[in-house]
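User: I have a model open and want to go through the labels people put on it. Can you take me through the reasoning behind each one?

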Amino acid sequence: MPKRARPVDKPEIILDQNAQAPLYRQLYERLRAQILAGQLETGARLPSTRILASQLGVSRNTTALAYEQLLLEGYLESRVGDGTRVARLESEQLAQAGGKVSKQGRMGTPATQHTLLARRGQILLDEFAAGHEVEVSPDKDVFLVGEPEVAYFPYEIWARLIAKHARQSLQAHSRYQDVQGYRPLREAIAAHIGITRGVHCMPERIILTAGAQGALDLVARVLLDPGERAWVEDPGYFGARGALMAAGATMLPVPVDRQGISVEVGRQLKGEARLAVVTPSHQFPTGVTMSLGRRLELLEWARETQGWIAEDDYDSEYRYSGRPLEALHGLDRAGRVIYIGTFSKVLFPSLRLGYMVVPPQLLEGFLATRRFVDVHLPLLEQMALADFITEGHFARYLRKMRGLYMERRDVLVKALNQELSNILDVTIPEAGIHLVAWLPEGVSAQGVVELAAKQGMRILPVSRFSMQPLKRDGLVLGFANATPEALRADVHALARVLRSALT
């Protein structure tokens, strides 16, 4: 059995910020030269694009583009769960590149293997694999992010509504349906978000989608040509980045401060952006609520540049304190905001129902594109959800879960402060179902994550969602899908990990 190549330590690579060649090209050339020289052995595992970017002090776009080119040319290979490794090269490849076969004799997998996927497909595969870098046992899932509690959902009511429409309505609605979705559900959504979120719209402007991800995918498909630029919050939601990468867009990471996305920094970036994707009500993952001043600043940017704003209002239903701000869409007077909501985070994740409110001038383009994506969603759950809202079950469920989640948030905050106040700086969220506990400056979240993984605990660092190196890292801790007792026990286990990491 051949000896398994060891992972690559921090590469000894220096990039010249003042050189004419772009940074990603410099990185590509250096890695390619090391592979051809045999310095990087066949099978050697390279750091993820995120980790390498942090090590080199460059953006994640730089490392992703370099890896992408090396993957396309067959120098690297990527498998889900196994990261990115140096590929075996044919002797012909080495000869064409002006290299020599190393003593190990790099023979085997041809470069054509990597042409099976389109470039965007390979990028998404690499991004997915990067999210599974730390292997943990399934024994202890803790602090799950984006996972609501599903034990208290009124399944009996839901089953009754499903059964009612299965008996009474299916034959009458068995043909192709409106591409926008079931009208009674759009009417119920329009009434709900008009009252609770200040979104002014008619049902005719709502398109039902497969969760918020389906809406983000449509936004990227309709509004961006390959290579066009889009602002993304940094750190930010990787689902939004995935939709943009799939559309071939160029992402411009814009930092997030205590008021939300920094519009001033975004304006200073090279190249004008056509789209900004933001989470104003509860920024993911930092939990910041965008200030009114910053909202007006962002809207002014969109008006001046004729840009678009995708407002992902993914968990605004759960606000516990502070003065609620109406949605960015409610402040928009120029028609530049596309409002996105979802029921997957509010009710249960397998209910893949979301929606978007589209400006009138974009509606026909979105509907035409939608017809070629999935035509429309399955109908039965749309019917049941419409009744669930109009009969008052939705509002009652929200009130119940808001109280439950606030209790769990408070338990987690108290436990963290009792056990780890000298280590963690805990941000108490005004909304949502997760919080961020910031580590001391200079402490590696990756080291904490790896130690936790050895204990069977998967914990997500803030840097997992960041494209640029962070001055200070932290831990993203979900609290919705755990009892108070479990949260206390998980904090106790985390405290042992952190003390071990800092000694």
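What follows is a set of questions about labels, each checked against its definition.

User: Before the labels, what sort of model is it, and what was filtered?

Analyst: It's a predicted model, where local features need pLDDT of at least 70 and side-chain atom pairs count only at pLDDT 80 or more, while totals for chains, interfaces and linings use all residues. Residues are numbered from 1 along each chain as its sequence is written, and side-chain values use heavy atoms, leaving out hydrogens and water.

User: How many helices and strands are there?

Analyst: There are 17 helices and 15 strands. Those are DSSP runs numbered from the N terminus: H or I of at least four residues for a helix, E of at least two for a strand.

User: Why is Gly474 called buried?

Analyst: Buried means under 20% relative accessible area, exposed means over 50%, and partly exposed is in between (1.4 Å probe, protein chains only). Gly474 comes out at 0%, so it counts as buried. This glycine belongs to strand E15, residues 474–478. Across the whole protein, 53% of the 503 residues get the buried label.

User: What does Gly474 touch?

Analyst: A contact means heavy atoms within 4.5 Å. Setting aside residues up to four places away in sequence, Gly474 touches Ala437, Trp438, Leu439, Ala445, Leu460, Pro461 and Val462. Pro461 is 13 residues off along the chain, with 5.6 Å between the two C-alpha atoms.

User: And why are E12 and E14 said to stand at the edges of their sheet?

Analyst: Strands pair if DSSP finds at least two bridges between them. The open sheet runs E12-E13-E15-E14, with antiparallel pairing. E12 (425–427) and E14 (460–461) each have a single partner strand, so one side of each is left without a neighbour in the sheet.

User: What makes E12 and E13 a pair?

Analyst: E12 and E13 (residues 434–438) share three bridges in the antiparallel sense, against a requirement of at least two. In that pairing, Thr427 sits opposite Val436.

User: Which strands pair with E8?

Analyst: E5 (residues 229–234) pairs with E8 in the parallel sense over three bridges, and E9 (residues 308–312) does so over four. Ala276 of E8 faces Trp231 and has Ile309 as its bridge partner in E9.

User: How do you know both faces of E8 are covered?

Analyst: Leu275 and Val277 on one side and Ala276 and Val278 on the other are all buried.

User: What makes the unit of E8, H11 and E9 right-handed?

Analyst: The test is to point the strands away from you: if the path from the first strand over the helix to the second runs clockwise, the crossover is right-handed. E8, H11 (residues 292–305) and E9 make a right-handed β-α-β unit.

User: What stands out about Gln306, in the loop between H11 and E9?

Analyst: Gln306 has a phi near 60 degrees, a positive value in a residue other than glycine. Most residues other than glycine have a negative phi, and most peptide bonds are trans. At 48% relative accessibility, Gln306 is partly exposed.

User: Where are the cis peptide bonds you'd point out?

Analyst: One joins Asp234 and Pro235, with omega about 5 degrees; Pro235 is in the loop between E5 and H9 (238–246). Another runs from Phe284 to Pro285, with omega near 10 degrees, and Pro285 lies in the loop between E8 and H11.

User: What makes a set of residues a nonpolar core?

Analyst: The set has to be buried Ala, Val, Leu, Ile, Met, Phe, Trp, Tyr and Cys residues joined through side-chain atoms within 4.5 Å. The largest one here has 72 residues, and Phe343, Leu347, Leu416 and Leu477 have the most contacts inside it. Helix H15 (residues 393–420) gives the largest share, twelve residues. A second, separate core has 32 residues, including Ala247 and Ile340.

User: Why is the crossing of H7 and H14 called left-handed?

Analyst: Left-handed means the near helix is turned anticlockwise from the far one by less than a right angle; clockwise would be right-handed. H7 (residues 183–196) and H14 (residues 379–390) pack at about 35 degrees with axes 8 Å apart, and their crossing is left-handed. The axes are lines fitted to C-alpha atoms over the stretch in contact, and angles run from 0 to 180 degrees between N-to-C directions. Among the residues making the contact are Leu185 and Ala188 of H7 and Leu385 and Ile389 of H14.
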